[in-house]
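User: I should like to learn how to read a contact between two chains and a packing of two helices. Could you take me through the structure shown here?

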Amino acid sequence: MVALRVWRLLRPGQRWFSETVPGAPSPPDSPLYPPVLASITAKSKAAKSRRLQRFNERVHAAATVEEKLRLYGKLQRPKYMVYPQTFALNADRWYRSFTRTVLVPGMPPRGAAAKPPVAAAGATLEAGRAPEPGAEAPTAAAASGAAEASGAAEGAVPYVDVGELRSLACDALLQESFYQNKKRPFLYRDQDHTPGPFLTQLVSTLAASLSGRNPLLAASSLDLNPEVNYYWHHGEEVVAHGYRKGRVDPVRFQIDDNPHLQIRVPKQLPEVVPLESDLGDVPVIDHKPSKLPLFKKQYENKVFIGSKVADPCCYGHTQFHLLPDRLKRERFIRDRLEDQIEVVYRSNGIASLFAWTAAQAMYQGFWSEADVTRPFVSQAVVTDGKYFAFFCYQLNTLALTAETIKNNPRKNICWGTDSKPLYDVVEGGNVKGFNDEVLLQLVRFLLNRPKEL
Amino acid sequence: VFPGVRQAQWLTKTKLVEGLPPAVQGILDNPALGLQELEERAKHVVSHARLWDTAEVAPRREQYCPTLFENLIHVCRLMSGKYPSLSKRMLARNFRIAATWERESILLQIRGLSGILMNSMTPIPPVASKEEILATKEHVLETFYPIAPTIDLQEVNVYKELNDTGQCFRDGYPYSHPHTLFFLESANVRTDRFRPEQLRAKMLMFAFGNALAKAKALHGNDPKVLEQPVVVQSIGTDGQLFQFMVFQLNTTDLVSNDGVKNLVWIDSDQNLYERAQCVPEIKKRVVTKPAGISGFQPDTFKKFLALYLHGTV
């Protein structure tokens, strides 16, 4: 049959050579034999990779995001539960290695989007704003942080009435701690008694009064006590015992977080630095995650940002976390672990924000095999009622599995500050030692919006 | 036994007027507020509370009722971008009220956890004109002879006559005027929830209690007709049905049955939406009820907002 076809196409007067004849068409279109593929059901590495490939194709081909999420989290296996609020020592290093995050101290150089710069401070703000990769970034961040503090103090005044906001904050604080008569706090539930309601009041009144200045806030959605979950794979391990003993499995993690308050918006926050920036190193930890300590459990693999996919407010703006009583400063000081106080804030910021931004990215259809094409930015404030720490997270990559991380140069970036007190003490109807810097930073966070708005 | 509002009216010496007072109606009809654009937001907010808020299929009433309330308050509060004086309000949760008064030689006291209270720095101006107040003199309170009006009330030996919202908040509290009380019937089981009639009666009693405590704090304990009537609003809901109430305290002279009476405007049983379907209902392979919120009534949300803005706009 093949010879027949070639003979028909052969022009008279030409010799037939078994090599390709000039002018003759290319070999027949359909291949002679079906492709040789590995088996699907065999117990071999090739079969396993073929199964993985079929799974990836299935997820890629899913019609809706809900279907994608359902397939992504369909297989349940024991996984490590990562708690953002943890007492584990040096947890923030471990969390940074699990999530491939670089920690940059200080706040990111904030550009002119938040407020038009006043003339003198404008120059330093612009210089600090140009993204600088590599080793210059930490110094630039520190320098622009200092310049920005003075610039913002001047620049903030014409646009934001600090006195009014200060009085709002003080009123909220005084109402919760002094004016309203409440019963005694429940045992070990001091945080629910005063700092919790104070934070809710503060954020809701500040957001409402700043909504005139920030149209994104006017379209925002405020969640009280929402749930944020994320499930991902990172690294590989050998199964230790059981009927699957000896097989190589990805290491699975799940974060189940309950922020005290969160603000979701319909438009994404602008990127802070370009997608491929490298601002530092990710710590590499040679031990198993269970040494942290982290424990494994098998349950539903949830990916959730606080509301379902159908919600138009699908991007995150700011989260507010309240540290529980078991992680309060006095306990750490009593146990002579003062350096771990900041670790608590940092690990909470990194883990919660990673979970939130990654879940937002998954809601847009990205996942570890389909990496994000634009960075996802969110902010968080971690507090214990008096001390506030601010974090800004930029998610550059979701590809953290053993396969996809091999050729992935991107890293996620987290900017964070140390915890600073908002006030010194509340005495007899007065707030003493109110710190305007912390309030201004909070206001700056709330005023953050895309450049078009 | 019989509708609770009538009993509450007798106990608080109040005359009932159906519908909302003209001041609130005026806010509703005011086109400058831009209430049309807010309809879209209100619909989103209802969908969020009823459909999207949970990782499970459908949220339970204990979850969606408070969420709906918080979302509605958030949308109302965002109006303070337009009206800066709205920021002079403060929400107080888990708020305890206690008030005592005498009614035809029966000592009555109301106490309890009355839900959520919104306070403001400035009081609400009186909604009824002087003529209307004087006209209530002619109104006769309906009695329930032979049923005693204190039926179904718990008789208790009171050793201390507590009389204060003032004790719920210490002196010098800047947001000293109670503005609106919110009642959320969010129990999952229907029998644990108040029925609409009972909810209205409860709202009336607590609004009265708050107004009375404020009046006594402002004008002293002597029973008299108030020069400046105290107005307290109240909104009750079970997540779908809303009851709106504006109460004006004209007099603290509650012992006798004659004289000037207090006034209350009630707008009852306002549905915010007909049905919220999380999963489409399919009978015999045909979708009978599609997923989503159906029968959304923007007027109910507008009334909520109007009551919120009342006093500052």
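Analyst: The discussion below takes the chain interface and then a helix pair, in a model that is predicted.

User: How is the size of an interface expressed, and what area is buried between chain A and chain B?

Analyst: The size of an interface is often given as the accessible area lost when the parts come together. Here, chain A and chain B bury about 2,800 Å² between them, and carbon and sulfur atoms give 53% of that area. Of the area that chain A buries against chain B, 21% comes from A:Tyr179, A:Asn181 and A:Lys308, more than from any other three residues. The contact draws on 36 residues from chain A and 36 residues from chain B.

User: How many salt bridges and how many residue pairs in polar contact does the rule find across this interface?

Analyst: The rule finds 0 salt bridges across the interface of chain A and chain B, whereas 13 residue pairs are in polar contact. On the side of chain A that touches chain B, the elements giving two or more residues are α7 (162-179), α9 (195-210), α10 (215-218) and β3 (221-224) of chain A. That side of chain A comprises 14 nonpolar, 14 polar and 8 charged residues.

User: How should one describe the packing of α2 and α7 of chain B?

Analyst: Two packed helices are described by the angle between their axes and the distance between the axes. In chain B, helix α2 (residues 22-29) and helix α7 (residues 298-309) pack at about 115 degrees, with axes 9 Å apart. The crossing of α2(B) and α7(B) is right-handed.

User: Which residues meet there?

Analyst: From α2(B), B:Val24, B:Ile27 and B:Leu28 meet B:Lys302, B:Lys303, B:Ala306, B:Leu307 and B:Leu309 of α7(B). By class, this contact has 6 nonpolar, no polar and 2 charged residues.

Note on methods
Residues numbered from 1 in each chain as written. Chains lettered and ligands numbered in written order. Predicted model: local features only at pLDDT ≥ 70, side-chain atom pairs only at ≥ 80, totals over all residues. Heavy atoms only, no water. Contact = heavy atoms within 4.5 Å. Buried area = accessible area lost by both parts, 1.4 Å probe. Salt bridge = Lys/Arg side-chain N within 4 Å of Asp/Glu carboxyl O. Polar contact = N/O pair within 3.5 Å; in protein donor to acceptor, adjacent residues only side chain to side chain. Helix = DSSP H or I, 4+ residues; strand = E, 2+ residues; numbered from the N terminus. Nonpolar A, V, L, I, M, F, W, Y, C, P; charged D, E, K, R; others polar. Axes fitted to C-alpha atoms, helices over the stretch in contact; angles between N-to-C directions. Left-handed = near helix turned anticlockwise from the far one by under 90°.
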